[in-house]
Protein chains: 2
Amino acid sequence: MPETTAAELAGLLRLGVLRLNRALRANPADAAVTAAARAALATLAQHGPMSPGELARREGVRPPAVSPVLATLERQQLVRRLPHPTDRRQSIIELTGTGAELSAEIRAREAWLASRIRGLSDRDRRTLLRALQIVERLTSSP
Amino acid sequence: MPETTAAELAGLLRLGVLRLNRALRANPADAAVTAAARAALATLAQHGPMSPGELARREGVRPPAVSPVLATLERQQLVRRLPHPTDRRQSIIELTGTGAELSAEIRAREAWLASRIRGLSDRDRRTLLRALQIVERLTSSP
DNA sequence: TATTGTTATACTCTATAACTATA
DNA sequence: TATAGTTATAGAGTATAACAATA
């Protein structure tokens with residue numbers, strides 16, 4: 001394979017992500033919880049309770065984007081809102097028991113995508129996993 | 001690294017794609033052309049002129065999703081609409097000279113993402129490229 | 001004054017359903 | 001009748017700007 005420049009790879013990555021995102025939207029993991037809500041549940045499960053502002057920062061979105069997601073999750077009783085111990089402007093969002101269970105189950109219910117991945121070789125799966133770790137570095141650093 | 005099941009990998013992939021997509025939206029490649037329009041230009045550049053229906057199929061979206069994108073691209077004179085030679089229901093979309101130039105330039109103007117990728121090791125870049133080829137197989141096969 | 005968060009508003013993207021025109 | 005495409009409508013997701021409450 002010939003040399004691939006960073007700019008070419010960036011273009012390929014941008015298109016690949018758009019298309020994978022479209023394919024994932026057409027095959028939702030769980031109809032009861034939208035993609036943005038799933039991401040919020042995953043972040044809360046991984047890092048524990050946090051304020052809406054910190055959740056927005058970790059998700060890489062602006063604070064107004066998390067408000068409707070949290071309102072929905074609260075209505076579904078998947079998260080709960082506690083008062084901040086010292087700052088009354090803030091609140092602390094934590095998973096409820098149901099929310100924690102759901103978040104754990106969602107990873108096990110990736111039916112469509114998981115069946116696709118099962119069709120890959122072990123080598124390809126390892127490549128995907130390593131690429132995801134690289135992508136995480138790309139998106140998490142400032 | 002311990003074994004990663006297909007279901008776990010699927011969950012990681014879904015979250016990774018959502019987050020990379022958010023990061024890409026916050027750092028657009030070209031403000032004059034939206035992400036969906038860029039994808040359409042890239043497909044036309046890669047596969048040549050085609051009908052709106054074929055474009056939708058190649059993009060993995062429903063026909064109504066391409067109509068507004070094509071209308072915008074036509075208004076911007078980046079694509080042009082030709083009559084189908086035998087079927088008057090269809091039309092053929094082709095890049096204009098400007099559209100072809102823009103599509104070629106966009107790959108060279110991936111400033112934000114390309115600079116991130118330049119910070120990766122050669123090995124990481126090769127892993128990303130191989131992962132993109134795997135992802136293309138995941139999304140293109142039925 | 002500065003910060004945290006929400007509400008108001010607008011835009012992008014895509015889906016399903018209904019419709020038009022042509023085959 | 002069947003197919004290609006558009007229009008109408010709706011919903012998810014996110015942004016900026018304006019606001020309220022608290023620090």
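Helices here are DSSP runs of H or I at least four residues long, numbered from the N terminus. Keep that in mind as you click around this predicted model.

**Stop 1: P64(B)**

Select P64(B), which sits in helix α4 of chain B. Is P64(B) buried or exposed? A residue is exposed if 12 or fewer other C-beta atoms lie within 10 Å of its own. P64(B) has 9 C-beta neighbours inside 10 Å, so it counts as exposed. Now add I134(B) to the selection: 70 residues separate the two along the chain, and their C-alpha atoms are 28 Å apart. Keep P64(B) highlighted, since it is among the closest residues to DNA strand C and also among the closest to DNA strand D.

**Stop 2: DNA strand C**

Show the residues around DNA strand C. There are 24 of them, and the closest are S51(A), G53(A), P64(A), T34(B) and P64(B). Colour by element and you'll find two or more residues from each of α1 (6-26), α3 (52-59) and α4 (63-75) of chain A, along with α2 (35-47) and α4 (63-75) of chain B. The biggest giver is α4(A), with 4 residues. Recolour by class and this surface shows 12 nonpolar, 6 polar and 6 charged residues.

**Stop 3: DNA strand D**

Switch to the other strand. DNA strand D is surrounded by 24 residues, with T34(A), R62(A), S51(B), G53(B) and P64(B) the closest. Here at least two residues each come from α2 (35-47) and α4 of chain A and from α1, α3 (52-59) and α4 of chain B. Which element has the largest share of the surface near DNA strand D? That's α4(B), with 4 residues. The class split near DNA strand D is 12 nonpolar, 6 polar and 6 charged.

**Stop 4: one chain by itself**

Hide everything but chain A. You should see 7 helices and 2 strands, running α-α-α-α-β-β-α-α-α along the sequence. The C-alpha trace of chain A spans about 60 × 35 × 25 Å along its principal axes. Chain A has 142 residues, of which 32% count as buried.

**Stop 5: where the chains meet**

Bring chain B back. The contact takes 49 residues from chain B and 49 residues from chain A. On the chain B side, α1, α2, α5 (97-108), α6 (111-118) and α7 (122-140) each give two or more residues, and α1(B) has the largest share at 19 residues. That side of chain B divides into 30 nonpolar, 7 polar and 12 charged residues.

Next, try superposing the copies. Chain B lays on chain A with an RMSD of 0.1 Å after a turn of 179° and a shift of 0.0 Å along the axis. That's how a two-fold axis relates two copies. Both use the same surface, too: 100% of the contact residues of chain B recur in chain A.

**Stop 6: helix α6 of chain A**

Zoom in on residues 111-118 of chain A, helix α6, and pick out the buried L113(A), A114(A) and I117(A). Look down the axis of α6(A): the buried residues line one face of the helix, because they fall within an arc of 100°. They pack against α1 and α7 (122-140) of chain A and α1 (6-26) of chain B.

**Last stop: the core**

Finish with the largest nonpolar core, which has 70 residues; A40(A), L41(A), A40(B) and L41(B) have the most contacts inside it. Centre on L41(B). Beyond its neighbours within four places in sequence, L41(B) is in contact with L78(B), L95(B), G99(B), L102(B) and S103(B).

Note on methods: Residues are numbered from 1 along each chain as its sequence is written. Chains are lettered from A and ligands numbered from 1 in the order in which they are written. This is a predicted model: local features need pLDDT of at least 70, side-chain atom pairs count only at pLDDT 80 or more; totals for chains, interfaces and linings use all residues. A residue is near a molecule or strand if its C-beta atom, placed from the backbone, lies within 6 Å of it. Ala, Val, Leu, Ile, Met, Phe, Trp, Tyr, Cys and Pro count as nonpolar, Asp, Glu, Lys and Arg as charged, and the others, Gly among them, as polar. A residue is buried if 20 or more other C-beta atoms lie within 10 Å of its own, exposed if 12 or fewer, and partly exposed in between; C-beta atoms are placed from the backbone. The arc is that of the directions from the helix axis to the C-beta atoms. Two residues are in contact if their C-beta atoms, placed from the backbone, lie within 7 Å. A nonpolar core is a set of buried Ala, Val, Leu, Ile, Met, Phe, Trp, Tyr and Cys residues joined through C-beta atoms within 7 Å. Copies are superposed by least squares on the C-alpha atoms of residues with pLDDT of at least 70 in both.
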